[in-house]
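I wanted a quick look at charged pairs and one helix packing. These are my notes, in the order I checked things.

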Amino acid sequence: MTTVATLLLVLAAPAVTSWPPLPEGPPPGLSNARLSVRPLAGSLADEVRAAGVGPAWIGYAVPSLKHGHMCCYDSVRGSQRRPCGMCRLEGRQGGTWSDGSDRPAPVRLENDSPLAVVMLRVDHGRVGRLGVYSDDCGLDAGDLPVLWLKAVPAAQSLAVLEPLAASVPSDEALAAIAAHADPAADAALERLVAPGRSSKLREQAAFWMGESRGRRGYETLRRLVREDKDSEFREHAVFALSESEVPEAQDAIIEVARTDTDPDVRGQALFWLAQKAGRGATAAITRSIEEDPETEVKKKAVFALSELPGGEGVPLLIGVARANRNPAVREQAFFWLGQSEDPRALDFIADVLKRP
């Protein structure tokens with residue numbers, strides 16, 4: 001009796017589904033498409049290889065980290081500044097955008113989980129181009145066949161996207177990887193940013209780690225700026241750190257500005273500190289002017305002061321121009337004061353010129 005009761009309880013239990021649930025059909029904004037919809041049969045790579053002669057699109061959705069809009073933009077971050085419009089998949093060169101005023105916006109609940117729509121343009125069994133979009137983005141398929149695959153696992157998606165990212169390298173494939181909510185996307189980006197990969201691929205992968213991958217991306221970038229042997233890559237990794245929303249990212253950049261063995265890397269760190277202009281940035285820049293052993297780094301720090309927002313750097317530049325012992329550094333401070341057009345800077349320069 002116990003066995004029968006247990007079996008009845010199991011049969012009566014609700015089915016376990018994945019969370020968030022993936023849509024059964026294509027995004028509502030898909031138009032101008034010869035559409036077919038079915039579940040994934042086998043692997044996504046097999047679906048690509050089975051594509052016939054002539055261009056077509058394969059589309060699917062995966063849970064996404066992004067709560068903004070990805071719609072015909074080179075940068076996911078940039079896309080958050082506008083509502084989604086209509087994206088023309090055919091003839092696209094880096095994306096086109098329209099305001100979508102003729103298309104009603106989809107209804108969203110406050111706790112809706114975001115989805116990323118991945119579109120693969122296939123021909124002769126190969127992916128020639130791809131894009132990643134929010135599920136509320138309008139997509140015009142240019143009257144091409146579109147196969148919409150239901151319930152594509154993130155692992156299957158990443159297994160197709162990672163080789164595509166490495167082969168060109170493709171920034172759109174990297175953006176698509178970075179949009180995945182699955183932690184396996186972090187592992188894929190870490191493989192793509194590893195030493196031994198092409199410089200361009202490493203730089204692009206580092207950017208997406210900083211821009212999209214939160215704390216794990218930050219931890220990887222922090223390790224790379226400390227340990228990577230390629231100084232040119234470290235310069236790009238500092239920029240990627242500046243894209244991170246993790247609060248400790250600025251402290252990591254300050255550490256690079258103080259301790260990196262390469263003066264160009266230290267100078268790049270100072271520049272991005274000025275762009276972030278957060279807690280401790282001004283003190284770190286000023287310290288480099290005073291203590292860095294390289295004149296070129298000091299000059300870059302002077303430039304970083306000129307980049308501080310709201311004229312914050314003007315009094316500091318005046319102090320450098322007035323009292324720094326290095327004539328090349330003083331000259332640089334005078335130059336950027338003149339470029340600032342700030343009344344305080346102009347009064348200081350006029351006063352200096354009046355002196356006998």
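My entries start with the ground rules and then go to the contacts.

Setup: I'm working on a predicted model, where local features need pLDDT of at least 70, side-chain atom pairs count only at pLDDT 80 or more, and totals for chains, interfaces and linings use all residues. Residues are numbered from 1 along each chain as its sequence is written, and side-chain values use heavy atoms, with hydrogens and water left out.

Salt bridges: I took a side-chain nitrogen of Lys or Arg within 4 Å of a carboxyl oxygen of Asp or Glu. That rule gives 18 salt bridges.

Arginine 121 and glutamate 90 pair up at 2.8 Å, N to O. Arginine 121 sits in strand E4 and glutamate 90 in the loop between strand E3 and E4, so the pair ties together parts 31 residues apart in sequence. (Helices, H or I with at least four residues, and strands, E with at least two, are DSSP runs numbered from the N terminus.)

Next I looked up aspartate 228 and arginine 202, whose closest N and O atoms are 2.5 Å apart. Buried or exposed? I used under 20% relative accessible area for buried, over 50% for exposed and partly exposed in between (1.4 Å probe, protein chains only). Aspartate 228 is buried at 8%, and arginine 202 is buried at 5%. Glutamate 90, from the earlier pair, is partly exposed at 26%.

I also noted a network of salt bridges linking Arg215, Glu219, Arg222 and Glu248.
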